[in-house]
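Ready for a few exercises at the graphics screen? Please load the sequence and the coordinates, and try each task before reading its solution.

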Amino acid sequence: MTPPLAPAVRVRGLHKTYKSSIFSSGFQALGGDSGIDLQVERGSVFGLLGPNGAGKTTLVKILLGLVRKSGGEAELLGEPAGQSRPRARVGYLPEAHRLPLYLTGRQMLRLSGMMVGRDRKWIDERSGPWLERLGMAGSADRKIKEYSKGMMQRIGLVQALIHEPEVVFLDEPTDGVDPVGRAAIRETVTELAKSGSTVFINSHLLMEVEMICDRIAILKDGLILREGTLQDLTPDTGEIQLHLAGELPSSELQTQLFAGLKVEHSVTEKPSDPGYLLRLSADDEQLNALIDRVRRSNIPILQIRRERRTLEDVFINLVQGGSQ
Amino acid sequence: MSSPSPSRALSIRGLFADAIYQVLDNKVFRVLIAVTLIPILLTFFVGLKEDSISVLFGKWEFDYPAMMAMLGEDPRPVAIEWLLDVVIDQFAGGIGMTLAIAATAFFVPRMLEKGAADLVFAKPLPRWALYLSRYITGLLFVGLLGLFLTVGMYLGVLIVSGYSAPAILWSSLTLIYLFSMVHCVTMLIGVYTRSTSAAMILGIVFFFGNGCVHSGWQLKEQFGDMLMIEEQEAKNDPKADEIEEEEKDNWRLVRDSAFFALDALHYPLPKTSDASLVSLHVQDALLGSGRMASREQMLDTGDELHAERQKEWGDSDSPMGDQDPDTWFERRFAWDSEELRFNVWFSILSSMAFTTVLLLLGMWKLSRSDF
């Protein structure tokens, strides 16, 4: 029986403090007093959210050996982070990266692949489809210094993926990319996850994270404030919205619908769509009773939706108010 | 996943390929390639025949100046030495080296820039290998330029003058040897400051400062020898004692301190000034090229005169032995010296030790850096 695979990332009590020097004052970048704990399972798409300076990039850099940890444990694919061996199985797209301007896109991909120990022919075979998928096939033989920011981001993503890594770290991957490019990147991430790769995304773009990540952690001042699935982080508000067709209901009809249900409700017109919204706080029994009455009144139901807190609400509350 | 296991050899090949791309894309490299065409074309346009100088493939023919007749039947070995002295030692070893320092100073700081460092150091390569690859990139920069220059000149001399002078080809190694001593300094400054400007300016300052130290040391050696000669003369002249005492009181402390400082700097620092001479001796020792003889002929100071002067002297207890002061001085410092003013092996080994220490220091600093 083969032993279970180690998680893609495992961090225990990790912290990083930059010491003060003549040129700079020291500060604690990650982990506070107790350090942070985090585990990212293989095959998942993990999103690390946080405001600027929260420590997102520092965490990734410690895992990749770019920054030395001050204490705690950090493992990448079951091996101590910072060692060169696990890095051969990792792809990385840094934030605000600077690709070598003296190379063409294709040369850069070759060299990048060779530096992780891959054969040139092997890389060439794989670079074509990747370049095609990210819309860079026509520009691959141009010098990188001629690329726009979005093109650099896309070719940067290809270099992170070209050697078929088991874990991919993407730091602000859609930064500077146009909407079409963003969609292509999102699609790529989804495909990577389907193929079994682990994707670790650092971002402050909540919508992107919400759309593609299946686990999310929110980091502030070097500490993880909340971690879980999107459902865990965005609970029900307890409010239900019924989108009903027709004219606004009269007060008599409203009294008739809610008679004996003891449910607080409000009615608002929907400016752009036909019909109106009926908002209420109700349990399942009350909701079913109400739906029966609406149908008996021959009012078409267009949509029923339980209101959840948005990731943005959760993020802003956490970031502005701490972990409360 | 069907990916093959990564190969360390391929990673290293990737680094070398990157080095070549980086050099070939460098604008200063291209400018220097264009500049090296000047001496190359000179060897094609001016042919040195055994009995005449031919310009523009025989359009004009000139007899050698009378002075050249002293150099023997075939003046070409001496003319080649002169060419190497001007083109390699003065032009490439001075101006070319300064430009090479300026053009390669950015290698390390740019690698360490935010965004670039993240990409490079996240690869599964040890940091020392990345540092070393930048060192090799610098040597490649000078090596390719040197190779272009020397192969071009060699072919020019071979085709137009009909004379094969492997010494010209050997000169590219001299340039690499010289640059290897300076590039480690520029890189160390680059890794500590992460600034191209600082690496460039301080690298050039080091190159010239180091040259000054060795020139100063040579002067000090000459001065020390002259003092010994004066002491020798003073033995024969009792009146000189008073002057000697006064000199001792006023200047000895200052002079000895300056001499000590020069010694302290000269011995550990790389011997950039010795590069061409070291190369000459190594070439003679390994290939039996006889270049020293040609150089001596070029800088001949006249042995007959020495023989005459030697007859007037003869004190076996003196540091000069049986030689007259001029002969002794010349043998110690001039090209036709029997005892060199430096030791070839010490020059090579101390320079290599300096280079190694600086490279190790740079690697250590890089291994301790956060990005």
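Below are six exercises, each with a worked solution.

This is a predicted model, in which local features need pLDDT of at least 70 and side-chain atom pairs count only at pLDDT 80 or more, while totals for chains, interfaces and linings use all residues. Residues are numbered from 1 along each chain as its sequence is written, and chains are lettered from A and ligands numbered from 1 in the order in which they are written.

**Exercise 1. Domains of chain A**

Find the domains into which chain A is divided, and the distance between their C-alpha centres.

Solution. Start with the bounds, which come from an automatic or database domain assignment. Domain 1 of chain A covers 9-233 and domain 2 covers 236-308. Next, take the C-alpha centre of each: the two centres lie 45 Å apart.

**Exercise 2. The two sides of helix H11**

Work out which residues of H11(A), residues 311-321, are buried, and what covers them.

Solution. Helices (H or I, at least four residues) and strands (E, at least two) are DSSP runs, numbered from the N terminus. A residue is buried if 20 or more other C-beta atoms lie within 10 Å of its own, exposed if 12 or fewer, and partly exposed in between, with C-beta atoms placed from the backbone.

- Step 1: A:Leu311, A:Val314, A:Phe315 and A:Leu318 are the buried residues to mark. They sit on the same side of H11(A), because they cover an arc of only 95° around the axis. That arc is taken from the directions from the helix axis to the C-beta atoms.
- Step 2: turn to the face pointing away from the buried side of H11(A), where A:Glu312, A:Gln320 and A:Gly321 are exposed.
- Step 3: look for contacts, meaning pairs of residues whose C-beta atoms, placed from the backbone, lie within 7 Å. The cover over the buried residues of H11(A) includes strands S4 (45-49), S10 (215-220) and S11 (223-228) of chain A, along with helices H7 (206-212) and H8 (230-233) of chain A.

**Exercise 3. Helix H4, end to end**

Compare the expected span of H4(A), residues 120-133, with the distance between its end C-alpha atoms, then locate its kink.

Solution. The expected span of a helix is 1.5 Å times one less than its number of residues.

- Step 1: the 14 residues of H4(A) should therefore span 20 Å, and its end C-alpha atoms are 20 Å apart, which agrees.
- Step 2: a kink of about 30° lies at A:Ser127, shortly before the proline A:Pro129. The bend at a residue is the angle between axes fitted to the seven residues ending there and the seven starting there.
- Step 3: A:Ser127 also belongs to the buried residues of H4(A), together with A:Ile123, A:Trp130 and A:Leu131. These buried residues pack against helices H3 (105-115) and H5 (149-161) of chain A.
- Step 4: past the helix comes A:Gly135, with a positive phi near 70°.

**Exercise 4. An open hairpin in chain A**

Is strand S13(A), residues 265-269, largely in the open or buried?

Solution. Count first: of the 5 residues of S13(A), the number buried is 0, so the strand lies largely in the open. Then find its partner, given that two strands pair if DSSP finds at least two bridges between them. S13(A) pairs with S14(A), residues 276-281, in the antiparallel sense over 5 bridges. One bridge to follow runs from A:Thr268 to A:Leu277 in S14(A). The hairpin has 6 residues between its strands, and A:Gly275 takes a positive phi near 90°.

**Exercise 5. Strands of chain B**

Trace how S1(B), S2(B) and S3(B) are joined.

Solution. Chain B has 15 helices and 3 strands.

- Step 1: S1(B) (46-48) and S2(B) (52-55) run antiparallel, joined by 3 bridges, and B:Gly47 has B:Ser54 as its bridge partner. Their hairpin has 3 residues between the strands.
- Step 2: S2(B) and S3(B) (60-63) pair in the antiparallel sense over 4 bridges, with B:Trp60 as the bridge partner of B:Val55. This hairpin has 4 residues between the strands, and B:Leu56 in the turn has a positive phi of about 50°.

**Exercise 6. Where the chains touch**

How many residues of chain A are in contact with chain B?

Solution. 28 residues of chain A are in contact with 29 residues of chain B. On the chain A side, H2 (84-87) and H3 each supply at least two residues. H3(A) gives the most, with 4 residues.

Technical notes: Two residues are in contact if their C-beta atoms, placed from the backbone, lie within 7 Å.
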